[in-house]
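This briefing goes through a few parts of one protein model. Keep the sequence and the 3D view open while reading.

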Amino acid sequence: MTGPEVRHNQDADWDAWPVAAYLAENYRELHHIDRGVITHHSGFYRRFPPGGLARTLELGAGPNLYPLMLAAAASRHIDALEPGAANREYLYRQLTGGPDASWQPFYQLCRALDPALPATLDEALGRVRVVRGDAEDLTDGGYDAASMNFVAESVTEDPTEFTTLCAAFTRAVRPGGHLVAAFMERMPSYRIGEGPYWPALPVDEAVLHEVFGPLTTDLRISRLAKDRTLPEYGDTGILLLTARRPP
Ligand SMILES: C[S@@+](CC[C@H](N)C(=O)[O-])C[C@H]1O[C@@H](n2cnc3c(N)ncnc32)[C@H](O)[C@@H]1O
């Protein structure tokens, strides 16, 4: 008898990510938990002088603009790396045609926390370049800092693949480079609306220590309690991480 099949990253059709439904469920309004993630990540970027980072990465950017806004205070050039065609198309439209109005409250919060951000969201997004690709395409040490939000644990059911993706994320920064990330805590496979089930791996703080401990220094992990105003994805909250690649 064989057990249930483990779904790998390649088994899902990332080009078909349901952008509109995902935005509607998660990002059309600023939720309490977004405030938590933004406050955490803003603290990370405030460590650096304005424009103090030459190149930074957003790995698996999806259609989420707030990590890109946050990076704009410290980073002069932000690569939004994304394998999915629908997500890239949405990002291009936001960068060229102007961002959807629903992102303005996110930007107001980011700027209130970090006045070094440009006056407008359009200006902040002017530092972003959308890049087609996935974690396997990353070269060693190409960035000063890297950010990853709800990716490694939300794109595979295979613990080895999760670890490999986290290692690629870590190696994407130069020795001594900086990492910031957010993970859904203990999330099983999930659906957006009535769409297909996407592969996911339930992870907790211990797993993050196991995976990132040997790869990084200055590892800090904290937790946000579950936000009940969001759809039920089966998670128990959000885990937040900062670390550095060893010099
Ligand atoms: C749950 S979404 C998160 C999107 C976005 N980062 C956010 O904060 O909402 C997972 C994202 O990871 C991307 N992805 C899937 N496989 C990937 C891989 N191997 N490397 C990098 N990104 C990947 C998907 O296309 C999707 O945009």
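Is Val151 buried or exposed? Val151 is buried, because 26 other C-beta atoms lie within 10 Å, and 20 or more are enough to count as buried. The model is a predicted one. The points below start with Val151, then turn to a residue in a strand and to two helix topics.

**Val151**

- Val151 is found in a loop, the one between strand E4 (143-149) and helix H7 (159-171).
- When neighbours within four places in sequence are left aside, Val151 is in contact with Leu59 and Gly60.
- Thr216 is 65 residues from Val151 along the chain, and the C-alpha atoms of the two are separated by 19 Å.

**Leu179**

- Leu179 belongs to strand E5 (residues 173-185).
- Leu179 counts as buried because it has 26 C-beta neighbours inside 10 Å.
- Leaving aside neighbours within four places in sequence, the contacts of Leu179 are Ala146, Phe169, Thr170, Val173, Thr216, Thr242, Ala243 and Arg244.
- Between the C-alpha atoms of Leu179 and Leu219 the separation is 9.3 Å, with the two residues 40 apart along the chain.

**Helix H4**

- Helix H4 (residues 85-97) is made of 13 residues, and from its first C-alpha to its last it reaches 18 Å, close to the 18 Å expected at 1.5 Å a residue.
- The buried residues in H4 include Asn87, Arg88, Tyr90, Leu91 and Gln94.
- These buried residues cover an arc of only 160° around the axis, so they are on the same side of H4.
- Tyr92, Thr96 and Gly97 are exposed, on the other side of H4.
- Among the elements that cover the buried residues of H4 are helix H1 (19-26), strand E2 (78-82), helix H6 (121-125) and strand E3 (128-132).
- Gly98, just after H4, takes a positive phi of about 95°.

**Helices H2 and H5**

- Helix H2 (residues 32-45) packs with helix H5 (residues 104-113) at an angle of about 35°, and their axes are 10 Å apart.
- The two helices, H2 and H5, make a right-handed crossing.
- On the H2 side, the contact is made by Asp34, Arg35, Ile38, Thr39 and Ser42; on the H5 side, by Phe106, Leu109, Cys110 and Leu113.
- Of the residues in the contact of H2 with H5, five are nonpolar, two are polar and two are charged.

Methods. Residues numbered from 1 in each chain as written. Predicted model: local features only at pLDDT ≥ 70, side-chain atom pairs only at ≥ 80, totals over all residues. Axes fitted to C-alpha atoms, helices over the stretch in contact; angles between N-to-C directions. Helix = DSSP H or I, 4+ residues; strand = E, 2+ residues; numbered from the N terminus. Left-handed = near helix turned anticlockwise from the far one by under 90°. Contact = placed C-beta atoms within 7 Å. Nonpolar A, V, L, I, M, F, W, Y, C, P; charged D, E, K, R; others polar. Expected span 1.5 Å × (residues − 1). Buried ≥ 20, exposed ≤ 12 C-beta atoms within 10 Å, placed from the backbone. Arc of directions from axis to C-beta.
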